[in-house]
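Subject: Handing over a structure

Dear colleague,

I am passing a structure on to you, and I would be grateful if you could look through it before reading my notes. The sequence and the structure come first, and my notes come after them.

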Amino acid sequence: MGGRIATYPRHVGDRAGTIHPMTAADLIDRFGSPLYVYEEAGLRSRCRQLVAALPSCALLYAMKANANPSLLSVIREEGLGIDAVSIGEVMRARRVGFATEQISYNGNNVTDEEMGAVRELGVHVTVDSLSQLERYGRLFPGTDVGLRLNPDIGEGHHDHVITGGPEAKFGVDHEDIEAAHCIASRHGLIISGLHQHVGSGILEVDRFVSAMEVMLKVAERFSGLRFVDFGGGFGVGYKPDEEDFDVAKLGAEVSHLLARFRAKEPDVVFRFEPGRWIIAPCGTLYVTVTSVKRGKRHTFVGTDSGLNHLLRPALYGSWHAIENVSRPDAPAETVAVAGNICESGDLFCKGRAVPKPEEGDVLAIRDVGAYGWSMASSYNLRPRPAEVLVRPGGPQVIREREPLDAINH
Ligand SMILES: Cc1ncc(COP(=O)(O)O)c(C=O)c1O
């Protein structure tokens, strides 16, 4: 064992030449396997790239991507706000120190109790259906509220993450705007902001800009809007031939569009809510090989982790780079990397060339900072892994491995 790990994972802008002196084996020896490892400098760098690309816009980190409090603190220090989708997320953001006005809440199919609890914390609510608007109006007449739109455009890396268009459960159809106005006026509500999020994993800037244009057209039918929120969905290049969504290009392409709208609505704040783009490339899941089964059709490389720790490959067929950091120079072998969960779909990859893995090797599964730990579970009653943040002063545990006792009650 002992491959050196580049602590600035791929895709991180300022990674040039920065190699942390710890090896993957050191990290595993110290903190155990499997292990989520994040890199602070890369996270700060991603936040700064966004701020530079979209000046004069509000950037709200979609904390569903990864809600570890230590990572949220770094993001807060970089000046971003929060996009929250549940009362739990709102409470976590408040606990980490985000001010109420830095938090935007837009829940889907939420209860009256949840809307009330969010309002009680002083956080602005955006609703995403006419019936929710009606209920909100009955409960909180004479207040202001945001409205999530479905612009009839959907984008994304998989059907499950396309959140706009006719198949999506989210948002008010853009043809129902008049009905929304009627409900609002019946309850004395002020629709103070518009929101949309068309999907996740978008790599082409032009497609995102098209959705923004639709949104701005609808927004022209409102007056006195305080915010127009274009959502998140900026993709990252998980595969070697893919590039990250180009945030600098987005900033350049939309500046005139935003300026034109702002000329009519000078007080409007434009918002974006990226999650994945900010944090996916800053995280690696290190797993240890527990068995190698060279079968008739496949070589299954078994590991001490699984879909309970990283669901994306099983849920979406997602591709993550997998490196053998213990033996990077070994000749490649075509393998399936599997987990230890009782599901046939518990595979991190299949038919992938990886430097020939042996029992005890450490494999690095890259770009798992977003929707990795945050979607992890204790399925099969296997505890969730620890999380470590590599800071300038060295690695720090930011979440302990889940104790077996915690899942045995
Ligand atoms: C409303 C909303 N905003 C933002 C996001 C963040 O998406 P991404 O992580 O792809 O940027 C999501 C993801 O599902 C979302 O539902």
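What follows is a short account of the confidence of the model, the surroundings of the ligand, two helix contacts and two backbone details.

Please keep in mind from the start that this is a predicted model. The average pLDDT over the protein is 90, and 91% of the residues reach a score of at least 70. Residues 1–19 should be read with caution, since pLDDT stays under 50 there, although the model has 55 contacts beyond four places in sequence for this stretch.

Turning to the ligand, you will find 18 residues surrounding it, of which the closest are Ala62, Ser200, Gly232, Gly275 and Arg276. Sorted by class, the shell around the ligand is made up of 8 polar, 6 nonpolar and 4 charged residues.

The first of the two helix contacts I looked at joins α2, which covers residues 40–53, to α3, which covers residues 69–77. Their axes come within 9 Å of each other and cross at roughly 40°, which means that α2 is oblique to α3. In this crossing, α2 passes α3 in a right-handed sense. On the α2 side the contact is made by Glu40, Leu43, Arg44 and Cys47, and on the α3 side by Leu71, Val74 and Ile75. By class, these residues of the contact between α2 and α3 comprise 5 nonpolar and 2 charged, with no polar residue.

Helix α3 also meets α4, the helix of residues 87–96, and here the two axes come within 9 Å and cross at roughly 65°. The crossing of α3 past α4 is right-handed. From α3 the residues involved are Pro69, Leu72, Ser73 and Arg76, and they meet Arg92, Ala93, Arg95 and Val96 of α4. The contact of α3 with α4 has 4 nonpolar, 3 charged and 1 polar residues.

Two details of the backbone are left, and each belongs to a loop. The peptide bond that runs from Ser33 to Pro34 is cis, with omega near -5°, and Pro34 lies in the loop that leads from α1 (24–31) to β1 (35–39). The other detail concerns Asn109, which is not a glycine and yet has a positive phi of about 55°; Asn109 is found in the loop between β4 (103–106) and α5 (112–120).

With best wishes

Methods. Residues numbered from 1 in each chain as written. Predicted model: local features only at pLDDT ≥ 70, side-chain atom pairs only at ≥ 80, totals over all residues. Near = placed C-beta within 6 Å. Nonpolar A, V, L, I, M, F, W, Y, C, P; charged D, E, K, R; others polar. pLDDT = per-residue confidence, 0-100. Contact = placed C-beta atoms within 7 Å. Axes fitted to C-alpha atoms, helices over the stretch in contact; angles between N-to-C directions. Helix = DSSP H or I, 4+ residues; strand = E, 2+ residues; numbered from the N terminus. Left-handed = near helix turned anticlockwise from the far one by under 90°. Parallel < 35°, antiparallel > 145°, perpendicular 65-115°, else oblique.
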